[in-house]
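Trainee: Could you show me how to read the pockets, cavities and contacts of a protein model? I would like to take one feature at a time.

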Amino acid sequence: MNTAIQINEVSKSFGKQEILKSVTMEIKKGEIYGLLGANGAGKTTLMKAMLDLVKSDSGTISIMGKMVGTNDEDIFRKIGNIIETPVFYQNLSVEDNLKLHCDYVDPSYKQEIDDILRLVGLEGVNKRKVKTLSLGMKQRLAIGRAFLCRPDILILDEPINGLDPKGIVDVRELILRLNKEYGVTILISSHIISELAKVSDTIGILDNGYFIEEISMATTEVTDLEEYFLDILTKSSLRRSA
Amino acid sequence: MLELMKIELKKFNLIAHLIQLAIASVTLLALINLIAIGEAYPITTIELSLLCLLTFVIWQGVLIAKFIVSEFRDKTIQLLFTYPVDRKKLILSKLVIVNGIIYVSMLATLLFLHGTLTALNFMTILDYSASLQQLGVTALMFIAFLMVGMIALFAGMLKKSTIATIVTSVVLVLVFGGSMGEGSLMEAVPVVLVFGAIGALFTFLSIKDLGKKDLLV
């Protein structure tokens with residue numbers, strides 16, 4: 001089985017507003033999958049549905065062959081995540097936050113904390129309280145925490161949001177390194193086309209809750225991605241209004 | 001569940017709590033002395049339990065806000081709910097920790113006050129009268145107080161607001177402790193038990209849908 005995440009016809013509404021409309025997509029093991037979409041396209045809701053934080057109205061999601069939403073908490077052992085913004089216990093130290101994470105997932109990984117901090121370029125900050133870190137450091141720490149207990153899959157929702165250019169490059173290189181060196185499957189969402197294009201093997205496009213297109217970066221002949229994506233979005237918008 | 005409780009305790013500063021408890025106990029003792037000295041009537045367990053109610057139901061609200069409601073306000077619950085643990089057990093472990101800490105603190109303060117007041121009575125500094133049986137009944141009443149205090153959890157979870165939690169605790173205390181001495185609602189055991197049952201119901205309502213519905217934070 002080569003599929004890490006399989007989503008079949010997932011729909012979700014909040015009240016009368018349809019956020020996801022029969023979304024079907026597949027993410028293969030070992031790839032970096034970029035989920036592209038404008039603000040409000042449904043990226044975060046889809047990721048939350050994968051983590052069972054929101055319940056889809058219809059359709060199914062399976063991760064590493066296990067169905068989400070069946071009260072099998074063990075499925076979460078295989079997934080590291082950042083949803084929306086990185087959250088921490090701000091008054092605890094970096095090390096205590098990571099230890100707590102291990103307590104919930106697998107305490108045997110506590111011995112890896114120094115290695116993880118080195119990997120994400122945060123060596124020496126173990127005792128600093130999280131609230132004293134910059135946004136870029138928190139973002140890298142959140143990725144480190146998500147990867148600490150060696151999940152098979154990382155789900156990263158807008159991990160470069162709010163970062164300065166140096167921070168964006170750091171996070172990009174970190175994501176590539178985790179994928180290439182550790183073989184972890186990564187789903188990353190963003191509304192920044194150029195950034196997704198730099199890291200993704202495949203890019204899927206969500207527009208207004210519809211999954212409208214998927215592009216393999218290895219085989220595509222498109223040279224100007226930005227123009228290509230804008231063209232797809234315009235056509236999608238015209239189809240809906242027709 | 002026990003493992004989850006141990007993890008929760010790691011987020012709690014026990015030493016700071018013990019210092020605050022010592023300060024609260026001494027303050028209550030000073031307050032009782034101010035009330036009692038020169039009064040014609042003896043101090044009884046009613047005064048002790050009312051003061052403990054005033055202090056610890058609000059304290060319980062503070063801990064509910066800190067342990068549970070703030071996890072929703074700060075969105076850390078979103079992270080906790082993606083861990084391989086049962087979501088209901090996660091919240092239940094927090095409730096057990098909060099109520100365990102408050103109950104033990106209440107009992108410790110009650111015993112401290114009883115011991116000190118018995119000594120002051122022996123030295124004829126003030127008039128204090130309480131039997132061990134009355135203390136036992138008071139200790140049982142404390143459980144009902146804690147259940148009443150759980151109404152604050154429901155109020156706090158509605159708005160995901162720590163302030164709403166603590167304000168509700170203060171309102172509960174005003175309702176139950178507003179008329180100290182004779183005629184207080186607290187004196188009416190059936191009333192406290194009914195409110196305790198209502199508190200249990202509100203607790204159930206606060207957590208029954210966790211894991212079944214969308215987590216909206």
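Mentor: Happy to! Let us begin with a pocket and ask who builds its wall. Helix H3 (residues 45-73) of chain B gives the most to the lining of the largest pocket, namely 6 residues. Keep in mind throughout that this is a predicted model.

Trainee: How many residues line the largest pocket, and which lie nearest its centre?

Mentor: Its lining has 20 residues, and those nearest the centre are A:Tyr89, A:Asn91, B:Lys66, B:Ser70 and B:Asp74. Read the chain letters in that list: both A and B appear. The space in this pocket is about 510 Å³.

Trainee: What classes of residue make up the lining of the largest pocket?

Mentor: Sort the lining by class and you get 7 nonpolar, 6 polar and 7 charged residues.

Trainee: How much space lies in the second largest pocket, and what lines it?

Mentor: About 420 Å³ lies there. Its 15 lining residues include B:Met157, B:Lys160, B:Ser206, B:Asp209 and B:Leu210, which lie nearest the centre. Next, look for the elements behind the wall: helix H7 (151-159) and helix H9 (189-207) of chain B each supply at least two lining residues. The largest share comes from H7(B), with 3 residues. By class, this lining holds 9 nonpolar, 2 polar and 4 charged residues.

Trainee: And cavities? How many of 30 Å³ or more does the structure hold?

Mentor: A cavity differs from a pocket in that a probe fits inside but cannot get out. Here there are 4 cavities of 30 Å³ or more, and the largest has a volume of about 120 Å³.

Trainee: Which residues lie nearest the centre of that largest cavity?

Mentor: Look for A:Ile79, A:Gly80, A:His101, A:Val105 and A:Ala146, out of 14 lining residues. Strand S6 (79-82), helix H2 (94-105) and helix H4 (135-148) of chain A each give at least two residues to the lining. S6(A) gives the most, 3 residues. The class count for this cavity is 8 nonpolar, 4 polar and 2 charged residues.

Trainee: Now the place where the chains meet. How many residues does each chain bring to the contact?

Mentor: Count both sides: chain B brings 26 residues and chain A brings 25. Then turn to the area buried between them, which is about 2,300 Å², with carbon and sulfur atoms giving 58% of it.

Trainee: Which three residues of chain B supply more of its buried area than any other three?

Mentor: They are B:Thr82, B:Tyr83 and B:Pro84, which supply 27% of the area that chain B buries against chain A.

Trainee: What about salt bridges and polar contacts between the chains?

Mentor: Between chain B and chain A there are 2 salt bridges. In one salt bridge, B:Lys10 pairs with A:Asp103, and their closest N and O atoms are 2.9 Å apart. The two chains also share 10 residue pairs in polar contact, both residues being at pLDDT 80 or more. On chain B, the elements giving two or more residues to the touching side are helix H1 (2-10), helix H4 (76-80) and helix H5 (87-122). That side of chain B has 11 nonpolar, 4 polar and 11 charged residues.

Trainee: How many salt bridges are there over all chains?

Mentor: A search of the whole structure finds 23. Try A:Glu158 and A:Lys43, whose side chains form a salt bridge at 3.5 Å, N to O.

Trainee: Why does that pair tie together parts that are apart in sequence?

Mentor: Check where each residue sits. A:Glu158 is in the loop between strand S7 (153-157) and helix H5 (165-182) of chain A, while A:Lys43 is in helix H1 (residues 43-50) of chain A, so the pair ties together parts 115 residues apart in sequence.

How values were computed: Residues are numbered from 1 along each chain as its sequence is written. Chains are lettered from A and ligands numbered from 1 in the order in which they are written. This is a predicted model: local features need pLDDT of at least 70, side-chain atom pairs count only at pLDDT 80 or more; totals for chains, interfaces and linings use all residues. Side-chain values use heavy atoms; hydrogens and water are left out. Contact means heavy atoms within 4.5 Å. Buried area is the accessible area (1.4 Å probe) that two parts lose on being put together, summed over both. A salt bridge is a side-chain nitrogen of Lys or Arg within 4 Å of a carboxyl oxygen of Asp or Glu. A polar contact is a pair of N or O atoms within 3.5 Å; within protein, one must be able to donate a hydrogen and the other to accept it, and residues adjacent in sequence count only if both atoms are side-chain atoms. Helices (H or I, at least four residues) and strands (E, at least two) are DSSP runs, numbered from the N terminus. Ala, Val, Leu, Ile, Met, Phe, Trp, Tyr, Cys and Pro count as nonpolar, Asp, Glu, Lys and Arg as charged, and the others, Gly among them, as polar. On a 1 Å grid over the protein atoms alone, a cavity is a set of points where a 1.4 Å probe fits but cannot get out, and a pocket is an open set with protein on both sides within 12 Å along at least five of seven lines; lining residues have an atom within 4 Å of a point. Grid points are joined across faces, edges and corners, and a volume is the space filled by probe spheres set on the points.
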